[in-house]
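What follows is a walk through one protein model, from a pair of helices to a pocket, a cavity and a ligand site. Please keep the structure in view while reading.

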Amino acid sequence: MSTRLVRAACPHDCPDTCAMLVTVADGRAIEVRGDPDHPNTAGVLCTKVSRYVERTYHPERLLYPLKRIGRKGEGRFVRIGWDEALSTIASRLREIAGRDARAILPYSYAGTMGAVQGESMAMRFFNCLGASQLDRTICATAGGTGYKYTIGAKIGTDTEQYEHAKLILIWGGNPVASNLHFWTKAQEAKRRGAILVAIDPYRSLTAAKCQHHIALLPGTDAALALGLMHLLIRDDQLDHDYIERYTIGFEQLKARVAEWTPQRTADTCGIPVEQVESLARLYGDTAMSGEPAAIRLSYGVQRVRGGGMAARNIACLPALVGAWRHAAGGVLLSSGDSYPKRTAQMERPDLRRSDPARPSRTINMSTIGDDLLRPASADFGPQVEAVIVYNSNPVAVAPESAKVARGFAREDLFTVVLEQFKTDTVDYADIVLPATTQLEHTDVHASYGHQYIIANNPAIAPLGEAKPNTEAFRLLAAQMGFTDPCFSDTDDELAAQAFDATHPRARGYDWNRVRDDGWMKLDMPAAPFALGGFPTPSGKCEFYSEQMLQAGLDPLPAYTPPYESVASAPELAKDYPLAMISPPQRNFLNTTFVNVQSLRATEGEPHLDIHPDDAAVRGIADGDLVRVFNQRGELLAKARVSDAPRKGLVVALSIWWKKLAADGRNANELTSQRLTDMGRAPTFYDVLVQVEKAPPS
Ligand code: SF4
């Protein structure tokens, strides 16, 4: 038996972007494990991706192009050849583009985070076609926008440094489930004497292991940050020198946070006033004693109406106390902007022809439910006539799911889906193109949780007739008669173009070398803002943001209550008194892996975590089937009665594949299409519901 080891990268939407080693025996992958030499991965993959071989050779892999024969949503198809699939797609797209190419919409997100199989050849294709553009907002744009108003870029504390911190606030995330390698560093810090504080409405697996847990009301993180700033200023736990040299707007900030007394903060956040005081003291004392105080900020805080401001406010804290002076201090939301990406080179927006009669149109992926149902109008432009979905599963993951499904069920909508499995979205496709998995194609990855470029070499030949996304779009471009030489770039040539080798952080980036070595670390200072140098317009940490003022926003940290909460929507709360969040399960990642039998077996079935007091008044016992509903929809789940969620909160862990849930529904039946204060993002955790014992079936 001939065995070889292939260097690869985990492609999933996770900040850890692990370096993987794939063992291949006689052309078949037999094991995927973490690379022990990669400093962040350190030989460990999460449970999910340890099963990547099972996923790759899953008996339900899509291996051939398919054509729909049933009704939309039924999922009945017949096998066709690639030639028929491509010519059918090209002829429909040509016909639609003849009227108005903006009626064609790409729909994609982070099914792979790879620079090559993500948006490279695909975007070249859609740019050349003149299709509508997609605003890719579904996960991170609210927090990213807010964070950048304060700090200037999605750059922050190096994950590898957290083990040296003396205090870590784990804010709005559950790293045990979704940022495992940061969690390893946090545990090491704890072993060395650090204090870990979880700030999360839910006692997650992570919160249960921290010394302190602050279970605030969902959507009130911005208020907690304002209250902390009030106390740091009141108690003079400030680094005056840092503030003087490296920040702007301190006096305005001081005036603003004066309103945020500990009592007001506690009342808004639904926590005891002592918790607000003690958290501020802990953070201030740590910093004032010259020890590194760090924050790991996660995207959970920004899936609510005021989510952008929440991230902005939290990002102000390290500058007040001078925590940035330490490599292990500061804050990290995302390291994504550390990378000098050559996005324009990869996506070629210059291929778009400008047509004054048909100005380019952008559709927000978070409102796909409404937009697929919208007729043509002067404001909206042409009705969407075709959707090409790749790296995403909108029927399951987009908010207000019933509308999304109704949109995809339109018989006059031409839908193409590039996929590895028959997801909920595939069931609505007219044509399905089988896509390769990470073991079968080339890619190169940036990360949003560390600072390495990671290579992905193909370990095995594509299964069946599956093709990489790049190849599918290359072939489609040829069918459409697109002749620009960029459509001939190979995947290796694309990987070589992905990063700017002349930029100081990626100087000498050489794909051939990275492909062989497996990774290269960016050249970043250990403490990125120890001496200021924030990439904001002022070059300082901006407590006051002129940019925000120009954008019509409050230029100072503020608090916007959720759309839906007992305090902010009392009338609605009479009917739907419980807040609901739907964070990821440990064994699933968005909707990826829900169909992997061994992982689904571990998770069991859709659950709803509910506090004992909330269960008792509804006559609900642990294990009962419950109906969760609001003005948008309903679903059934099995109640798990525990005090993990705070009183008044229910938690529907994870987004299940609808068709793998007994009632064919998931948590997005209940979420809304209302958008955040910044970044036009969805408000998945800004939801009120009612729960009752399900009637016997
Ligand atoms: S999902 Fe995250 S933790 Fe798991 S292997 Fe991929 S990058 Fe690593």
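**Two helices and the spaces around them**

Helices H5 and H13 cross in a right-handed sense. The model in which they appear is a predicted one. Two packed helices are described by the angle between their axes and the distance between the axes. Here H5 covers residues 141-151 and H13 covers residues 307-321; their axes come within 7 Å, and the crossing angle is roughly 35 degrees.

Which residues make this contact? On the H5 side they are Ala 142, Gly 143, Gly 146, Tyr 147, Tyr 149, Thr 150 and Ile 151, and on the H13 side they are Gly 307, Gly 308, Ala 311, Arg 312, Ala 315 and Cys 316. Sorted by class, the contact of H5 with H13 is made of 7 nonpolar, 5 polar and 1 charged residues.

H5 also leads to the next feature, the largest pocket, where it supplies the largest share of the lining with 4 residues. The space in this pocket comes to about 1,300 Å³. Its lining has 41 residues, and those closest to the centre of the pocket are Tyr 109, Met 113, Glu 119, Arg 136 and Lys 341. Besides H5, the elements that give two or more residues to the lining are helix H4 (120-129), strand S7 (133-135), helix H14 (343-347) and strand S18 (443-445). The lining of the largest pocket is mixed in class, with 15 nonpolar, 15 polar and 11 charged residues.

The structure also holds cavities, and 3 of them have 30 Å³ or more. The second largest cavity contains about 80 Å³ of space. Which strand gives the most to its lining? Strand S25, residues 634-641, does so with 3 residues. The residues lining this cavity include Leu 635, Leu 636 and Ala 637, along with Pro 606 and His 607. Also in the lining are Ala 652, Leu 653, Ser 654 and Trp 656, and then Arg 665, Asn 666 and Ala 667. By class, the lining of the second largest cavity divides into 8 nonpolar, 3 polar and 1 charged residues.

The last stop is the ligand. How many residues lie around it? There are 10, and the ones that come nearest are Cys 10, Cys 14, Thr 17, Cys 18 and Cys 46. The shell around the ligand has 7 nonpolar residues, 2 polar residues and 1 charged residue. Cysteine counts as nonpolar in this classification, so Cys 10, Cys 14, Cys 18 and Cys 46 belong to the nonpolar group of the shell.

Notes:
Residues numbered from 1 in each chain as written. Predicted model: local features only at pLDDT ≥ 70, side-chain atom pairs only at ≥ 80, totals over all residues. Heavy atoms only, no water. Near = heavy atom within 4 Å. 1 Å grid on protein atoms, 1.4 Å probe; cavity = no way out; pocket = protein on both sides within 12 Å on 5 of 7 lines; lining within 4 Å. Points joined across faces, edges and corners; volume = space filled by probe spheres on them. Axes fitted to C-alpha atoms, helices over the stretch in contact; angles between N-to-C directions. Left-handed = near helix turned anticlockwise from the far one by under 90°. Contact = heavy atoms within 4.5 Å.
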